[in-house]
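User: I should like to go through the reasoning behind several labels assigned to this model. Please set each value against its criterion.

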Amino acid sequence: MLTRRPRGTADVLPDEVAKWQHLEQKIREICTEYGYQEIRTPVFEHTELFQRGLGEGTDIVEKEMYVFKDRGGRSLTLRPEGTAAAARAYLENNLYAGPQPTKLYYVEPLFRYERPQAGRLRQHTQFGIEVFGTQHPAVDAEIIGLAVDFLGRFGLDNLQVRINSLGCPGCRSGYRERLLEYFRPHLDQLCPDCLRRFEKNPLRLLDCKVEECRRWVSEAPSMLDFLCEECGVHFEHLRGYLEILNIKYEIDPGIVRGLDYYTKTVFEIKYQDLGAQDTVCGGGRYDGLMEECGGPRIPASGFGLGLERLLHTLEKEGYAFPEPVRPWVYLVTAGEKAFAGGFRLLAELRREGFPSDMDYLGRSLRSQMKQAHKARARYAVILGEEELARGTVTLRDLDRGEQREIPARELITELRKSGDS
RNA sequence: GUGGAUGUAGCUCAGCUGGUUAGAGCGCCAGGUUGUGGCCCUGGAGGUCGCGGGUUCGAGUCCCGUCAUUCACCCCA
């Protein structure tokens, strides 16, 4: 069908756009306060970037990417997540040659081929943060703090912050072995999904929701017990900094994240009553990604925050978005001559900075007044044959229901005066 | 990719066990004052009943398929 949008996409209609602009404004505000600068990267990248960056075995790479060939035969992919692209831009533009760390943020559409449901679209928008060039645990605390602060500014304080550490390639592989050893005797009692996980991504066994599996999971060895010295200290320090920031959190060994690039810190922020997809923000540290992308070994940390999910939450919570600006003047004319005069006056009002409009459908005066009301205009400026002859206009205050006739040349000054009140 | 629910005007929905020109509210347009909004009143426009097959004398109503929406799983923001 020509008039249907593709599955999992959404039109943002004018009323909604105002809400988005509000979100974006809040994002720019907080990022400026925290010392982050905006970066914009292309919506598509070379397919290899995501294959290498996210890991061949991940769900995103395996079955969720929008891959296409351009006319030159290159394989390109609609960006399925923000971090790899930001890392690529950082390396390509030698941002590491500037003062470190580099603190970036972005608001951009992401694309994943999935079955849509509540809180999940094929094209969605993320507010993302990336800090390149330091492995200091305070940075991990800073970005978690930024996310909590951001959500708090919308009155969302019923947040669940969960953190975990995935260690480094060194300690993780040891843990992985132990995990396989632990689950192997119970394979016949695990759900089919978990059998797959056992083969493909054993860490995922830890966040299975099936009752039968949870029994085993609760007794399973924890990554935290296998952290090497460096990773263990890093995690302890992270906790210390979170406490300084007064952030309430839980340690959840079940948080493993879906992408291969994570090391050490991982975290998720949930908001209750959001349905199945209740994670509003997720992220962590990825000290190995740069190297994987062919760059120097540069540590980094970041998060993604789903704006459709945030918007959905805010609507559910009855958040008071700012009222849309109302038109100041709706110009009403009677007669052909007056229309031309009104058209001229309209242009002048706009030049003077008054949001103004008039009717173009040849409506009756009465009907124009109705339009003025529907447009929620503050004033109706009426120009008819009589006013034209006298060089005046009728200025009607639509809120108060009062009107008076004034010389046309005084209209701007009159409007200015009332603008202050 | 898997499973469930749903698909009638722009929107929210009604349409009993299949039976003549498919309805309501809201919205939209016009009129009720040949120069005036909100409330109220009147009228009007607008529907291939998602699409395609089938059963039947006859289907919006039953059956099959398909597409879409939606909820959940996998996974994720």
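User: What makes strand E9 (residues 263–271) mostly covered?
Analyst: In this predicted model, nine of the nine residues of E9 are buried. A residue is called buried if its relative accessible area is under 20%, so the label "mostly covered" follows for E9.

User: How do you know that E9 pairs with strand E7 (residues 159–165)?
Analyst: Pairing requires at least two bridges between two strands. Seven bridges join E7 to E9, so the criterion is met. The two strands run antiparallel, and Gln-160 stands opposite Lys-270 in E9.

User: How do you know that E9 also pairs with strand E10 (residues 279–285)?
Analyst: E9 and E10 share six bridges in the antiparallel sense; the threshold is at least two, therefore they count as paired. Within this pairing, Ile-269 has Cys-281 in E10 as its bridge partner.

User: Why is Leu-238 called buried?
Analyst: Its relative accessible area is 0%, and the cut-off is under 20%, so Leu-238 is classed as buried. Leu-238 is located in helix H9 (residues 229–244).

User: Which residues does Leu-238 touch, not counting residues up to four places away in sequence?
Analyst: Contact means heavy atoms within 4.5 Å. Under that rule, Leu-238 touches Pro-137, Asp-140, Ala-141, Ile-144, Ile-163 and Thr-265. As for Phe-226, it lies 12 residues from Leu-238 in sequence, with 17 Å between their C-alpha atoms.

User: How is chain A divided into domains, and what distance separates the centres?
Analyst: Domain 1 comprises 14–168 + 228–316, and domain 2 comprises 329–420. Their centres, taken over C-alpha atoms, are 50 Å apart.

User: What makes E13 and E16 the edge strands of the five-stranded open sheet?
Analyst: The strand order is E13-E12-E14-E15-E16, with mixed pairing. Strand E13 (356–358) and strand E16 (402–407) each pair on one side only, and this is what makes them edge strands. From one strand to the next, the twist averages 25°.

User: How do you know that strand E15 (residues 392–397) pairs with E16?
Analyst: Six antiparallel bridges link E15 and E16. Since at least two are needed, the two strands are paired. Leu-395 stands opposite Arg-404 in E16.

User: Which helices lie against this sheet, and at what angles?
Analyst: Helix H12 (residues 336–351) packs on the sheet and touches strand E12 (329–333), E13, strand E14 (379–383) and E15. The direction of H12 makes about 165° with that of E13. Helix H13 (residues 365–374) lies across E12, E14 and E15, at about 175° to E12.

Definitions and conventions. Residues numbered from 1 in each chain as written. Chains lettered and ligands numbered in written order. Predicted model: local features only at pLDDT ≥ 70, side-chain atom pairs only at ≥ 80, totals over all residues. Heavy atoms only, no water. Helix = DSSP H or I, 4+ residues; strand = E, 2+ residues; numbered from the N terminus. Axes fitted to C-alpha atoms, helices over the stretch in contact; angles between N-to-C directions. Buried < 20%, exposed > 50% of the residue type's maximum accessible area, 1.4 Å probe, protein only. Domains from an automatic or database assignment.
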